[in-house]
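Please open the model in your viewer and keep the sequence panel beside it, so that each selection can be made by residue number. The tour goes from the whole chain to single residues.

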Amino acid sequence: MSGKLVNATEVLCRLLEQSKPTINGAALLGGEFGEGGHELVRERLLVLGPALSYLTCPDCGIEMARVVRFVGVDQVLLYCDECGEVDADRALLQTYTVSLSRFIDRMVSSLELTPSNRKAIDNDISWRLGVHEHKRGKAQTWYFARHLNDHTVARHLLDQIRSDNAAQSAKIITSTDVPLPDGSPLVGYDIKNLAAIARMSQNVFLFFDDRAEATVAQPEEEPAPVTSLRHVRHKGWAYVDGEKYELEGMQQKILLALMDAHAHRLEGKVIADRCGSDAFPFQPAKYFGRNNEVYKAFVRYVPGDKVYELIIHPEDADLF
Ligand SMILES: [Zn+2]
């Protein structure tokens, strides 16, 4: 167990990736979501849905337990065939749904965008949040989308970006995990996962690494790694000897392919496939013209087996 708690922004992203962003109280407020779930409720981005009349028994965790009666304002008496009468927190019976309109409002205000530029693209799925004019003249157009790994959603967003003439200035935030799957119409665009770039704090999202204008410093987090792949997946950074290297897209894909591979060894051709490249022969080192330090620190070629192998440094031992 890493003991890493899922924070509120991550919980929010996971809900937004469900086709209907609804969750019951037992799942939201217990288990790995616990802390983040409570924070999300406090942030009032969820609206209450109908209460359930039964739930998985909080005692045995197996049988369904039905509501016998409510006790006071916040307790409920349940009956489980296995455990008999069980007291539980009434909040566990509640269902919660993300308020998309409130969420988008908060994104717009947190990014300090003009609300008049806001527009729904695919209903309840993707939005143009607005335009941010920089003092030095360069405007950025911000978008948010759920389900961005669905190529149809990505295609509609791309169409909107093009009709906004924003191909050069589009900033896309998503609840979907990045990088997007191979073949996405949005390959090459600047796409960030919300949970990777922001956290929630009292009615606002604080963006910590994507906006120079954001007044917020890096929130208190664990110290920066020394030589590590820890932030490759979500932030696109590798660390070598305490130095941070911002990876190019292909560099990130190559490292992820090896990180996710069985035994962390792959033939060049397989890496090419997983990175969506048809270069042959595929030589990973070629893509590290910039950030060559990263390649040297984390990838080695094993001539006898004709495979590339990931070098795992001690501080990454818990990652794999
Ligand atoms: Zn039970």
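What pLDDT does the protein chain average, and what percentage of the residues score at least 70? This is a predicted model, and colouring by confidence is a sensible start: the average pLDDT of the protein chain is 88, and 93% of the residues score at least 70. Select residues 210-221 next, where pLDDT stays under 50 and for which the model has 9 contacts beyond four places in sequence.

**The whole chain**

Switch to a cartoon of everything, which shows 10 helices and 19 strands. Along the principal axes, the C-alpha atoms fill a box of roughly 70 × 55 × 35 Å. Of the 320 residues in the protein chain, 31% are buried. Among contacts with a separation of 6 or more, 50% are made by residues 24 or more positions apart.

**Domains 1 and 2**

Colour the chain by its division into domain 1 (8-98), domain 2 (100-207) and domain 3 (232-319). The centres of domain 1 and domain 2, taken over C-alpha atoms, are separated by 31 Å. Where these two domains meet, 10 residues of domain 1 are in contact with 13 residues of domain 2. On the domain 1 side, the largest share, 6 residues, is contributed by helix H1 (residues 8-17). The domain 1 residues on that side divide into 5 nonpolar, 1 polar and 4 charged.

**Helix H5**

Now select residues 151-163, which form helix H5, a run of 13 residues reaching 18 Å from its first C-alpha to its last, close to the 18 Å expected at 1.5 Å a residue. Show the side chains of Val153, Ala154, Leu157, Gln160 and Ile161, which are the buried residues of H5. Turn the view to look down the axis of H5: the buried residues fall within an arc of 120°, so they line one face of the helix. Add strand S9 (126-133), strand S10 (139-145) and strand S11 (170-174) to the view, since the buried residues of H5 pack against these strands. Then rotate to the other side of H5, where Thr152, Asp159, Arg162 and Ser163 are exposed. Just after H5, stop at Asn165, which takes a positive phi of about 55°.

**Two further positive phi values**

Go to Arg44, in the loop between helix H3 (34-42) and strand S2 (46-49). Its phi is near 60°, a positive value in a residue other than glycine. Is Arg44 buried or exposed? Arg44 has 11 other C-beta atoms within 10 Å and is therefore exposed, given that a residue counts as exposed if 12 or fewer lie within that distance.

Asp124 is the next stop, in the loop between strand S8 (119-120) and S9. Asp124 also has a positive phi, about 65°, although it is not a glycine. With 12 other C-beta atoms within 10 Å, Asp124 is exposed.

**Two cis peptide bonds**

Select Val178 and Pro179, which are joined by a cis peptide bond with omega of about 0°. Pro179 lies in the loop between S11 and strand S12 (191-193). Then select Phe280 and Pro281, where a cis peptide bond has omega of about -10°. Pro281 is placed in the loop between helix H9 (268-274) and helix H10 (292-298).

**Ala224 and Glu309**

Select Ala224, in the loop between strand S14 (204-207) and helix H7 (232-235). Ala224 has 14 other C-beta atoms within 10 Å and is partly exposed. A distance drawn between the C-alpha atoms of Ala224 and His234, 10 residues apart along the chain, should read 15 Å.

Finish at Glu309, in strand S19 (residues 307-310). Which residues is Glu309 in contact with, leaving aside its neighbours within four places in sequence? They are His264, Arg265, Arg300 and Val302. Glu309 counts as partly exposed, with 17 C-beta neighbours inside 10 Å. As a last distance, draw one from the C-alpha atom of Glu309 to that of Ala261, 48 residues apart along the chain, where the separation is 9.6 Å.

Note on methods. Residues are numbered from 1 along each chain as its sequence is written. This is a predicted model: local features need pLDDT of at least 70, side-chain atom pairs count only at pLDDT 80 or more; totals for chains, interfaces and linings use all residues. Helices (H or I, at least four residues) and strands (E, at least two) are DSSP runs, numbered from the N terminus. The expected span of a helix is 1.5 Å times one less than its number of residues. A residue is buried if 20 or more other C-beta atoms lie within 10 Å of its own, exposed if 12 or fewer, and partly exposed in between; C-beta atoms are placed from the backbone. The arc is that of the directions from the helix axis to the C-beta atoms. Two residues are in contact if their C-beta atoms, placed from the backbone, lie within 7 Å. pLDDT is the predictor's confidence in each residue, from 0 to 100. Domain bounds come from an automatic or database domain assignment. Ala, Val, Leu, Ile, Met, Phe, Trp, Tyr, Cys and Pro count as nonpolar, Asp, Glu, Lys and Arg as charged, and the others, Gly among them, as polar.
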